[in-house]
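Please go through the model below. The report takes up one helix and its surroundings, then turns to the chain as a whole.

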Amino acid sequence: MRQQIVQVSGLKKRDMPPVACRYREGGHVGLMFSRPKTASGGDRIIDLDELTVGALLSHKLRQGEERRKWNSAYRDHGLVCAHEDGDGDALRPDHVWSSSVG
């Protein structure tokens, strides 16, 4: 992992100016991009199984199709998970959840 998104909420969000972004006019309100915390200060390494790697590769291909479809309107933040409307914008952490199949 090279970057993470941290959501700022409550009074901090209200008092915080938008975070500048070269891809989004007006920046990001209540979101901060930062490097993941590691002891070495470098990128965080995560071991993934083959199924997960396959799913991520498939997802990357779909993102490539979205980029081509949206052309110059696509704002590539270099994210694995971006808005599904195809503009490439960051997902807000409070809008992402996982569900388990039971």
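## Start and end of helix 2

In this predicted model, a side-chain oxygen of Asp 49 sits at the start of helix 2 and comes within 3.0 Å of the backbone nitrogen of Leu 51. Helix 2 covers residues 50-70. After helix 2 comes Asn 71. The phi of Asn 71 is positive, near 50°.

Does the length of helix 2 fit or conflict with its residue count? Helix 2 has 21 residues, so at 1.5 Å a residue the expected span is 30 Å. The C-alpha atoms at its two ends are 30 Å apart, which agrees.

## A salt bridge within helix 2

The structure holds 1 salt bridge. Its partners are the side chains of Glu 66 and Lys 69, at 3.6 Å from N to O. Side chains of opposite charge can pair when their charged atoms come close.

Both Glu 66 and Lys 69 belong to helix 2, 3 residues apart, or about one turn of the helix. An α-helix has 3.6 residues a turn, so residues three or four places apart point the same way. How accessible are the two partners? Glu 66 has a relative accessible area of 25%, so Glu 66 is partly exposed. Lys 69 reaches 61% and therefore counts as exposed.

## Gln 63, a buried residue of helix 2

Gln 63 also lies in helix 2. Is Gln 63 buried or exposed? Its relative accessible area is 9%. The cut-off for buried is under 20%, so Gln 63 is buried.

Which residues does Gln 63 touch, leaving out those up to four places away in sequence? The partners are Tyr 74, Leu 79, Val 80, Cys 81 and Ala 82.

## Around Leu 79

Leu 79 is one of the contacts of Gln 63. Leu 79 is also in contact with Gln 3. Gln 3 lies in the segment before strand 1, which covers 4-7. In sequence, 76 residues separate Gln 3 from Leu 79. In space, their C-alpha atoms are 8.4 Å apart.

Gln 3 has further contacts, with neighbours within four places in sequence left aside. Among them are Phe 33, Ser 34, Arg 35 and Pro 36. His 77 and Gly 78 are also included. Gln 3 is partly exposed, with a relative accessible area of 31%.

Leu 91 belongs to the segment after helix 2. Leu 91 and Leu 79 are 12 residues apart along the chain, and their C-alpha atoms are separated by 9.2 Å. Leu 91 counts as partly exposed, at 25% relative accessibility.

## The whole chain

The protein has 2 helices and 2 strands. Along the sequence they follow the pattern β-α-β-α. Of the 102 residues, 19% are buried. The protein exposes about 8,100 Å², and carbon and sulfur atoms supply 55% of that area.

How many of the contacts join residues at least 24 apart? Among contacts between residues at least 6 apart in sequence, the share is 47%.

## Confidence

The mean pLDDT of the protein is 76. A value of 70 or more is reached by 82% of the residues.

Where is confidence lowest, and where is it highest? The lowest is in helix 1, residues 10-15, at a mean of 65. The highest is in helix 2, at 89. Helix 2 also holds the salt bridge partners Glu 66 and Lys 69, as well as Gln 63.

Terms used
Residues numbered from 1 in each chain as written. Predicted model: local features only at pLDDT ≥ 70, side-chain atom pairs only at ≥ 80, totals over all residues. Heavy atoms only, no water. Helix = DSSP H or I, 4+ residues; strand = E, 2+ residues; numbered from the N terminus. Expected span 1.5 Å × (residues − 1). Polar contact = N/O pair within 3.5 Å; in protein donor to acceptor, adjacent residues only side chain to side chain. pLDDT = per-residue confidence, 0-100. Buried < 20%, exposed > 50% of the residue type's maximum accessible area, 1.4 Å probe, protein only. Contact = heavy atoms within 4.5 Å. Areas by Shrake-Rupley, 256 points an atom, 1.4 Å probe, with all protein chains shown as cover. Salt bridge = Lys/Arg side-chain N within 4 Å of Asp/Glu carboxyl O.
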